[in-house]
Amino acid sequence: MGLRRVIALLPLLVSVIAWPARADDGWSRPQAGFGDWTVSLGANLSSAVFSDHQGGGVAHRGVQAFAVFTPSLWRTFSSDWEVGAKGSILAWHDNRSGDNYGNDVFELAYLYMQSPYGRIEVGQQNGAAYTQSVGAPLVDGPAAINDANITFFHDPATGLAFIGIFNLRTGVFASANQAKVSYISPRMDGFQLSGSFTPYQTKAVLPWTMVGHHVSDRVKNIAEGNLNYTKQFGSLSLQASTSFAAAHNAARTAGHDDVWDWGLGIETDYAPDDANKLSLGAAYRISNAYAFNIRQAFTSGTTSNFDVGAMWTHGDWLAGIEYETGTAEAVPGSPTLRERGWNPSVAYNVNANLQMTLGWQYLHFHQSAGVFYNGKPGIGMRAAYLHANFQI
């Protein structure tokens, strides 16, 4: 058996070993102390077996997988102060996964300081408009339609993930993992305010150390903000947020513009007892960046995305459904692109680290001009899958 297949099957093999374990058992993240400092290594191993059918007679059965490792280093001081560094390394992935950051090996690498006055992060990290946003509840985040990290559909012409043309994401992701500085305030009366500044579209460890390539419609000075609110009302809890991003087009070409991006999300949870919880939520995002690509911001045309979901939790079981739809309006050189989909799923938490999900997903794409590989302007695709996600 080759190394790639071993890595791909690793989470499923772990699930077989771990299945007899009780849901409150689990594996601790390995860590070691060096004087006043502590170092640890986390992991996120994902694997799915699936069977899909796409328009044009394309069908496939296979295994999808990725492996991410998350090292961290920190030191805790008195009075609730902590400083440290965190990273995220995409050790392996196939063509159907791991593409949220353009398949970077070093996805994240940043320093942080946590204090009673808030949290400061500096480096290659997600922006506050994304990390602090609220969205619809998801049974299985990596396999969801919204902000998908894995997919079961590919373009037979390229072999790459089909959603690469328009990955639906309601969290404002304008600065992605580019080098930035962020501040997240303490929560006061349920409210929390946060912001980020990304000087250039570069993935250096520290901001301002690189200016990036001098290409057309390059973006700089990305400013992001988020305001979120959470409150408990007896058995009912409420979370809501609004996020924005704005950026300057430093090498504007005809028809292009500066970037703006805005999102809104809400979720409510009702827990009648300790074993049961019903979660409902929705999120919306709109931007002038075509298909949310910030180097494709135009003076006319917008891209919007709406997601709604419901989830029921009973002990270690979860069941839910997600509906997602998005439209990228036509801009010079690109047609109107529409995408919608359903994703019902049921999951079981084997223990604190391992979740097994059985799901079915349907996606449909349509473009106003041109055709897909099936020779038509529209194409549908569906897949059944069993996903194992192991995290420490």
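Reader: I'm looking at threonine 327: which residue's side chain makes a polar contact with its side chain?
Author: A polar contact is a pair of N or O atoms within 3.5 Å; within protein, one must be able to donate a hydrogen and the other to accept it, and residues adjacent in sequence count only if both atoms are side-chain atoms. For the side chain of threonine 327, the distance comes to 3.3 Å, and the partner is the side chain of arginine 338.

Reader: Before we go on, at what pLDDT do side-chain atom pairs count here?
Author: Residues are numbered from 1 along each chain as its sequence is written, and side-chain values use heavy atoms, with hydrogens and water left out. This is a predicted model, where totals for chains, interfaces and linings use all residues, local features need pLDDT of at least 70, and side-chain atom pairs count only at pLDDT 80 or more.

Reader: Back to threonine 327: is it buried or exposed?
Author: Buried means under 20% relative accessible area, exposed means over 50%, and partly exposed is in between (1.4 Å probe, protein chains only). Threonine 327 is found in strand E14, residues 317-328; strands (E, at least two residues) and helices (H or I, at least four) are DSSP runs numbered from the N terminus. Its relative accessible area is 17%, so threonine 327 is buried.

Reader: Which strand gives the most to the largest nonpolar core?
Author: A nonpolar core is a set of buried Ala, Val, Leu, Ile, Met, Phe, Trp, Tyr and Cys residues joined through side-chain atoms within 4.5 Å. The largest one has 29 residues, and Phe152, Phe162 and Met381 are among those with the most contacts inside it. Strands E2 (37-54), E3 (58-76), E16 (354-367) and E17 (378-391) each supply at least two residues. The one that gives the most, with four residues, is E17.

Reader: How many residues are in the other core?
Author: That core lies apart from the largest one. Its members include Ala174, Val219, Ile222 and Ala247, and its size is ten residues.

Reader: How many residues apart are phenylalanine 162 and phenylalanine 372?
Author: These two form a tilted aromatic pair, 5.8 Å centre to centre with 50° between the planes. Rings of Phe, Tyr and Trp (its six-membered ring) pair if their centres lie within 6.5 Å; planes under 30 degrees apart count as stacked, over 60 as edge-to-face and the rest as tilted. Phenylalanine 162 counts as buried at 4% relative accessibility, and so does phenylalanine 372 at 11%. One sits in the loop between helix H2 (128-131) and strand E7 (179-184), the other in the loop between E16 and E17, and along the chain they are 210 residues apart.

Reader: What about tryptophan 360 and tyrosine 362: is that pair stacked or tilted?
Author: Tryptophan 360 is partly exposed, with a relative accessible area of 38%. Its ring centre is 6.4 Å from that of tyrosine 362 and the planes are at 10°, so the pair is stacked.

Reader: Over which ring does the charged end of arginine 169 sit?
Author: A charge sits over a ring if NZ of Lys or CZ of Arg is within 6 Å of the ring centre and within 35 degrees of the ring normal. Here the charged end of arginine 169 is 4.1 Å from the ring centre, and the ring belongs to phenylalanine 173.

Reader: Zooming out, what share of the chain's residues count as buried?
Author: The chain has two helices and 17 strands, and its C-alpha trace spans about 60 × 50 × 45 Å along its principal axes. Of its 392 residues, the share that count as buried is 48%.
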